[in-house]
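Thanks, everyone, for making the time; I would like to walk through a few local environments in this structure, so please bring it up on your screens.

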Amino acid sequence: MTSEQGSPEEIADRVRSAVLAVPGVADMHSGSFGEVATYLPGRRVDGVRVRSDSTEVHVVIEWGVPAGRTADAVRAATAKIIATRVDVVIQDVAAPVGVGSAEAAQRPPVTTGPHPDGPPTPTS
């Protein structure tokens, strides 16, 4: 990070503003335990971790937007601000508009990992 780019405070704030302006980004995310942030005197910038050799950006994207294209747009927006590598982590997806807790409670749970009946059989 060079002095031409600014102080960590300026960089973190500028990165956050640029990322939130990207279409499809709903919010910043501070990680599972609030660990993703740039800590500044008296405050912190959640979702942005500025280091000397890289910057991490953790975001929540809107429902239905292409994740890869949104991450690329975040990288492009931050490249205008900082010259180091930018790692984009899509930490969460915002619930679709109009879906409240009653509708969500009626949906079957999403599971990960292998299916209990084994892998699917290919069909011709």
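**Two arginines and a surface patch**

I will start with R49, whose side chain reaches the backbone oxygen of E35 at 2.7 Å. Please keep in mind, as we go on, that what you have in front of you is a predicted model.

R49 sits in strand β4, which spans residues 48-50, and, leaving aside residues up to four places away in sequence, R49 touches E35, V36, A37, T38, S54, T55 and E56. Is R49 buried or exposed? Its relative accessibility is 17%, and because the cut-off for buried is under 20% relative accessible area, R49 counts as buried.

Let me turn to the other arginine, R75, which is placed in helix α2, residues 67-79. R75 has a relative accessible area of 33%, so it is classed as partly exposed. Its side chain is joined to that of D72 by a polar contact of 3.0 Å, and, when residues up to four places away in sequence are not counted, R75 touches V86 and V88. How far apart in space are R75 and V22, C-alpha to C-alpha? The distance is 10.0 Å, while in sequence R75 and V22 are 53 residues apart.

Finally, the surface: W63, I90 and V93 make a nonpolar patch of about 290 Å². Within that patch, I90 belongs to strand β6, residues 85-93, and I90 counts as partly exposed because its relative accessibility is 31%, where patch members need over 30%.

Technical notes. Residues are numbered from 1 along each chain as its sequence is written. This is a predicted model: local features need pLDDT of at least 70, side-chain atom pairs count only at pLDDT 80 or more; totals for chains, interfaces and linings use all residues. Side-chain values use heavy atoms; hydrogens and water are left out. Helices (H or I, at least four residues) and strands (E, at least two) are DSSP runs, numbered from the N terminus. Buried means under 20% relative accessible area, exposed over 50%, partly exposed in between (1.4 Å probe, protein chains only). Contact means heavy atoms within 4.5 Å. A polar contact is a pair of N or O atoms within 3.5 Å; within protein, one must be able to donate a hydrogen and the other to accept it, and residues adjacent in sequence count only if both atoms are side-chain atoms. Patches are made of residues with over 30% relative accessible area and no salt bridge: like charges are joined within 9 Å, nonpolar side chains (Val, Leu, Ile, Met, Phe, Trp, Tyr) within 5 Å. Accessible areas come from the Shrake-Rupley method with a 1.4 Å probe; for residues, only the protein chains shown count as cover. A salt bridge is a side-chain nitrogen of Lys or Arg within 4 Å of a carboxyl oxygen of Asp or Glu.
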